[in-house]
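Visitor: Got a minute to walk me through a few packing details in this one?
Guide: Sure, pull it up.

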Amino acid sequence: MAQASATAEPALKLDIDPQGIGVITFDFPGSKANTLGQAILSEWELLLDQLEKKTDLHGLVLHSGKPGMFIAGADLKELGSAPKDSPTVRYLIERGLKIIDRIEALPYPTVAAIDGVCLGGGLEFALGFDFRLAGAHPKAEVGFPEVKVGLIPGWGGTQRLTRLTGPSLAAEMICSGDAIPAAKAREYGIVFDVVPSDKLLDECRRVLDWARQSGAWQQERKKKQQPVPATAEQLEFAQAAARGQVQAKTKGQFPAPLVAVDAIFRGCTRPLADGLKIETELMIPLVGSDISRSLIAVFFMTQRLQKDPGVSDPTIKPKPVQRVGVIGAGIMGGGIAGAHIRRGVPVLLTDSNAGALQKGVANIAGVMQSRIAIGRMTQAELLKALTLLGTTGSMAAMSDRDVVIEAVVENEDAKVQLYKQVQTVLPAEAILASNTSTISITRMAKAVQRPENFAGMHFFNPVDRMQLVEVIRGEKTSDVTTATLVALAKQIGKTPIVVKDCPGFLVNRILFPYMNEAMALLEEGAEPRALDKAALAFGMPMGPVTLNDVVGLDTALYAGRVVNTAFADRAKNTTILDELVAAGRLGQKTGSGFYAYPKGPKGVDDPALAGFLQKARTSPARKLGTEEMTDRLFLPMLTEASRVLMEGIVREPADVDMGLILGIGFPAFRGGLLRWADTVGLPQIVEKLRTYEKLGPRFQPTEQILKLATGKKGFYS
Ligand code: NAD
């Protein structure tokens, strides 16, 4: 057995079997994933030195020693820290390209055995092999997620994939960044076949025998070197379609997918070597760009949250949760129950209103049906999930539940009465969690017998689609309760963030200064459309005026009041919402709010709004520029986020950023609110704040912001 490594424990091992076939086993020691960092690339280079000399080999197979994992991709830490436009960037790209070129030129046929996750650089390596066979492991999938971190596949992915699948499919895969399962990869021609995992290596050997005898491997290589056989007209049409799709999806905010389209269509008309050069020159400016850095940071923040147990004491273990109860079968209760049963957690659902309970169950089934319609669930999974849903009219039935989540009407008295009733039947160790969006957990805990077993579990609407769950610790909530709710949220596929109890918790506390400022701006003369446009241009999924209409003006007014009253020292008083609510204009649901909704959910300008604006305007309307509107919207959020950090409401800046990305769709390409501030620079942020300071304390730099600016630091440095 030959080994190729300068280190004690190599990741790559080469065995040569009695038939003269080399089998490389890739197994990165001490890691769950095989990645392609610089140390591993050194191993590849040493191994290739040997392989190039072994001209008598009959073929070569690459497989992974890790179940369910082929190669996860390049090392994002290395790419994320490469200084922009530095020689390091070119070096990192060209080093990988060279290795794949060398694999592609080995003097015998080669095959990659993919029996698990094969992404990014991993797929680019696999495309350097003559053939790819997939195993039937449920995790076997291939994809190029690079655009999700602001990059394009830069080790030949845009060129080699295009030559296999044609440019349209390649553009679709690369621009979406989504992986496709092995069966689809076979349909696309990316893998030769999908075979049972335990037969994969034998099948690879058979493919090598056949390829050697038929010469198919040489034809395969020749084909790969050629331009794509398509007419200029066909390519022009396909490129326009691909660009159109990307524009519609990204609204021009992320350059990477458009750059990928360029690389694909410019490169595919030339020989491979030229295509690769085009790809490299297009890739280089993306590495180390603000957008890519931010997206890579979001990737690592997501990973951290996935691993975060929610408490700092490592000896705390979550309690097992086998049965969950949900009280209240309305919009939220139904969503929460549905999320649990979909992930295999049995739920008992109740509601004081029998009709509401029935409707709740119908809604749960309806949401699952809509998932089936978009291919995200099967009928069999729906039936299985529904067997896990029980309903009851009696609170006593909750006596065997490990966790009960309350999602009844937002009324403190009603909730507290309910807790008093339910705690008489719950086992002593059971956890009671409230989905309240505005009521203090610490205050409600005073009404329960075991406040250590009581916490907030704040889901977002619609539960089916929103990833975030705020796990809210009251003053007396125990570590075990917190860790258990964090583990439960993860079990049902959500991303929990632990938040200390405070008005608005994390997300609404930071969102409302933004919503409030939008109202203040309207009262100063900003046009609703212009305001929405400014927020959209910044990258928000919808503008603040539309958001009010979607949430419901009454709900926004009520929830905003809770936050504004609690932080009255800095909240700006506005009246426009009160006026619209008083006039019954509650937004989408009543057909008019800021906009009118004559034909469904798309808002149109409503001349009747002018009167309301006129009445609310405090001074003669003035014209506001986009920059002023943007600064005014986001700076009050930032000062509030800084206060959240200073008060220890969350444990890390990343909690704020991820909370806002997942909870309100704050643009991930900006890395979140705090990382946006870091990118702008804290001294510049202070300067901006000084411009608006006269408008009130919401624009006053906090002590933390001032300190960071003076020290030329950021929230993350
Ligand atoms: P909803 O009005 O749709 O549903 C509430 C349900 O609770 C109703 O079916 C009602 O019959 C039932 N109910 C009322 N009192 C009850 C009692 N004593 N026992 C059993 N059932 C009772 O309300 P919703 O929008 O689902 O909100 C529920 C909770 O979730 C509230 O605390 C709300 O603040 C919070 N929340 C709502 C949203 C949202 O966008 N709707 C988002 C996050 C959190």
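Guide: What follows covers two helix pairs, one helix with a buried face and one loop residue, all in a predicted model.

Visitor: Start with H10 and H11. How do they cross?
Guide: The axes of H10 (residues 232-250) and H11 (residues 255-267) come within 9 Å, at a crossing angle of roughly 170 degrees. Angles over 145 degrees count as roughly antiparallel, so that is what H10 and H11 are to each other.

Visitor: Which residues meet there?
Guide: From H10, the contact includes Leu 235, Ala 238, Ala 242 and Val 246. Among the H11 residues they meet as a group are Pro 257, Leu 258, Val 261 and Phe 265.

Visitor: And how do the contact residues of H10 with H11 divide?
Guide: Eight are nonpolar, three polar and two charged.

Visitor: Now H13 and H27. What's the angle there?
Guide: Roughly 100 degrees, with the axes of H13 (residues 290-307) and H27 (residues 653-664) coming within 10 Å. An angle from 65 to 115 degrees counts as roughly perpendicular, and H13 and H27 are therefore described that way.

Visitor: Who's in that contact?
Guide: H13 brings Val 298, Met 301, Thr 302, Arg 304 and Leu 305, and H27 brings Ala 654, Asp 655, Asp 657, Met 658 and Ile 661. By class, the residues of this contact are six nonpolar, one polar and three charged.

Visitor: Different topic: H17. Which of its residues are buried?
Guide: In H17 (residues 412-422), the buried ones are Lys 415, Val 416, Leu 418, Tyr 419 and Val 422.

Visitor: Why say they line one face?
Guide: Looking down the axis of H17, its buried residues fall within an arc of 160 degrees, so they line one face of the helix.

Visitor: What covers them?
Guide: The cover includes the strands E14 (324-327), E17 (403-406), E18 (431-434) and E19 (454-459), along with helix H18 (441-445).

Visitor: What caps the N-terminal end of H17?
Guide: Asn 411 does, with a side-chain oxygen 2.9 Å from the backbone nitrogen of Asp 413.

Visitor: Last one, Thr 438. Where is it, and is it buried or exposed?
Guide: Thr 438 is in the loop between E18 and H18. Its relative accessibility is 12%, and because the cut-off for buried is under 20%, Thr 438 counts as buried.

Visitor: What does its side chain pair with?
Guide: The side chain of Thr 438 makes a polar contact of 2.4 Å with the side chain of Glu 410.

Visitor: Any other contacts, sequence neighbours aside?
Guide: Beyond neighbours within four places in sequence, Thr 438 touches Glu 410, Phe 505, Tyr 558, Ala 559 and Val 562.

Definitions and conventions:
Residues are numbered from 1 along each chain as its sequence is written. This is a predicted model: local features need pLDDT of at least 70, side-chain atom pairs count only at pLDDT 80 or more; totals for chains, interfaces and linings use all residues. Side-chain values use heavy atoms; hydrogens and water are left out. Axes are lines fitted to C-alpha atoms, for helices over the stretch in contact, and angles run from 0 to 180 degrees between N-to-C directions. Helices (H or I, at least four residues) and strands (E, at least two) are DSSP runs, numbered from the N terminus. Angles under 35 degrees count as roughly parallel, over 145 as roughly antiparallel, 65 to 115 as roughly perpendicular and the rest as oblique. Contact means heavy atoms within 4.5 Å. Ala, Val, Leu, Ile, Met, Phe, Trp, Tyr, Cys and Pro count as nonpolar, Asp, Glu, Lys and Arg as charged, and the others, Gly among them, as polar. Buried means under 20% relative accessible area, exposed over 50%, partly exposed in between (1.4 Å probe, protein chains only). The arc is that of the directions from the helix axis to the C-beta atoms. A polar contact is a pair of N or O atoms within 3.5 Å; within protein, one must be able to donate a hydrogen and the other to accept it, and residues adjacent in sequence count only if both atoms are side-chain atoms.
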